[in-house]
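User: I would like to go through this protein chain residue by residue and element by element. Please set out the reasoning behind each answer.

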Amino acid sequence: LLKIGVLVSGNGSNLQAIIDRIEDGYLRGAVVCVISNKADAFALERARRHGIPAVVLDHKSYAGREAYDEALVGILRDYGVELVVLAGFMRIITPVLLAAFSAAVMNIHPALLPAFPGLYAQRQALDYGVKVSGCTVHFVDEGTDTGPIIIQAPVPVFAEDSEESLSKRIQVEEHRIYPEAVKLFAERRLNISGRRVEILPAPDSSR
Ligand code: GAR
């Protein structure tokens, strides 16, 4: 069973979607720990409700990003984590974490990358005036939202949209594609070659 560690900072609706798809049998894996840099993240409460260890690791107690990531790696290793899932984790991670979990850190971003990387992606999309935005699950590399793309889903942008209404519509798709990407990883069906992620076919179960 794939051991998943989820890093969060806020509400945790993507964490919830992954937990739900494990519990309903769609995704074979286990969330073995949830780590938040914010003590008041609702995601921690979601973890506890499902009996998942919920750890607060306050970045303010560490001298810098590398020291913080070393502490993160220590906890993730203690729980035997094999895949690190960033789910609304609002911190830039360093090569310290990436080296420890090579090709095994995923992120979800609320835009169709490479459009609108960084913060406030939905605001950026509205300000730009695009008619379609969406969300992207990607492997994390050393840049900000630049890693190899695993799955994307488009979402229409309407004239009357606010940041909130667009975010809500995007999240519906996030909750669908993030568990799907984790499932593909769990089934070892993601093959990274250069910038591209090849999705291998499901093994033929009829034979
Ligand atoms: C999600 O919409 C995710 O795409 C976004 O934060 C939200 C977290 O929601 N991530 C970023 O903006 C990363 N730059 P959640 O806590 O309910 O899963």
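**Burial, contacts and sheet arrangement**

Analyst: His-138 counts as buried, at 1% relative accessibility. The model under discussion is a predicted one.

User: In which strand does His-138 lie, and which residues is His-138 in contact with, leaving aside neighbours within four places in sequence?

Analyst: Leaving aside neighbours within four places in sequence, His-138 is in contact with Val-105, Met-106, Asn-107, His-109 and Leu-113, among others. The contacts also include Asp-145, Thr-146, Gly-147, Pro-148, Ile-149 and Ile-150. The residue itself belongs to residues 132–139, which form strand E6.

User: In what order do the strands of the open sheet run, and which are the edge strands?

Analyst: The open sheet is formed by 7 strands with mixed pairing, in the order E3-E2-E1-E4-E5-E6-E7. Neighbouring strands are turned by 20° against each other on average, direction ignored. An edge strand pairs on one side only, and this applies to strand E3 (54–56) and strand E7 (149–156).

User: How many bridges join strand E4 to strand E5, and which residue is the bridge partner of Leu-86?

Analyst: Strand E4 (residues 83–86) and strand E5 (residues 105–109) run parallel and are joined by 3 bridges. For Leu-86, the bridge partner in E5 is Asn-107.

User: Which strands does H1 lie across, and at about what angle does H1 run to E2?

Analyst: H1 lies across E1, strand E2 (29–36), E4 and E5. Helix H3 (residues 65–78) also packs on the sheet, where H3 touches E1, E2, E3 and E4. The direction of H3 makes about 150° with that of E2, while for H1 the angle to E2 is about 160°.

User: Where does UniProt place the feature "binding site", and which of these residues does the lining of the largest pocket include?

Analyst: The unreviewed UniProt entry places the feature "binding site" at Gly-12, Ser-13 and Asn-14. Of these residues, the lining of the largest pocket includes Gly-12, Ser-13 and Asn-14.

User: Is Gly-12 buried or exposed?

Analyst: Gly-12 is placed in the loop between strand E1 (2–8) and helix H1 (13–23). Not counting residues up to four places away in sequence, Gly-12 touches Ala-43 and Arg-46. Its relative accessible area is 8%, under the 20% limit, so Gly-12 is buried.

User: Is Asn-14 buried or exposed?

Analyst: Asn-14 lies in helix H1. Not counting residues up to four places away in sequence, Asn-14 touches Ala-87, Ile-108, Gln-171, Glu-174, His-175 and Tyr-178. Because a relative accessible area of 6% is under 20%, Asn-14 is buried.

User: Which residues touch the most other members of the largest nonpolar core, and which helix gives the largest share?

Analyst: The largest nonpolar core has 65 residues, of which Val-31, Met-106 and Val-182 touch the most other members. Leaving aside neighbours within four places in sequence, Val-31 is in contact with Ile-4, Val-6, Leu-15, Ile-18, Ile-19, Ile-22 and Ile-52. The largest share of this core is 8 residues, and it comes from helix H6 (residues 163–186).

User: Is Arg-188 buried or exposed, and how far apart in space are Arg-188 and Val-73, C-alpha to C-alpha?

Analyst: Arg-188 is found in the loop between H6 and strand E8 (190–193). Its relative accessibility of 72% is over 50%, so Arg-188 counts as exposed. Arg-188 and Val-73 are 115 residues apart in sequence, and their C-alpha to C-alpha separation in space is 22 Å.

Note on methods. Residues are numbered from 1 along each chain as its sequence is written. This is a predicted model: local features need pLDDT of at least 70, side-chain atom pairs count only at pLDDT 80 or more; totals for chains, interfaces and linings use all residues. Side-chain values use heavy atoms; hydrogens and water are left out. A nonpolar core is a set of buried Ala, Val, Leu, Ile, Met, Phe, Trp, Tyr and Cys residues joined through side-chain atoms within 4.5 Å. Buried means under 20% relative accessible area, exposed over 50%, partly exposed in between (1.4 Å probe, protein chains only). Helices (H or I, at least four residues) and strands (E, at least two) are DSSP runs, numbered from the N terminus. Contact means heavy atoms within 4.5 Å. UniProt positions are given in the numbering used here, feature names are shortened, and annotations may be inferred rather than shown by experiment. On a 1 Å grid over the protein atoms alone, a cavity is a set of points where a 1.4 Å probe fits but cannot get out, and a pocket is an open set with protein on both sides within 12 Å along at least five of seven lines; lining residues have an atom within 4 Å of a point. Two strands pair if DSSP finds at least two bridges between them. Axes are lines fitted to C-alpha atoms, for helices over the stretch in contact, and angles run from 0 to 180 degrees between N-to-C directions.
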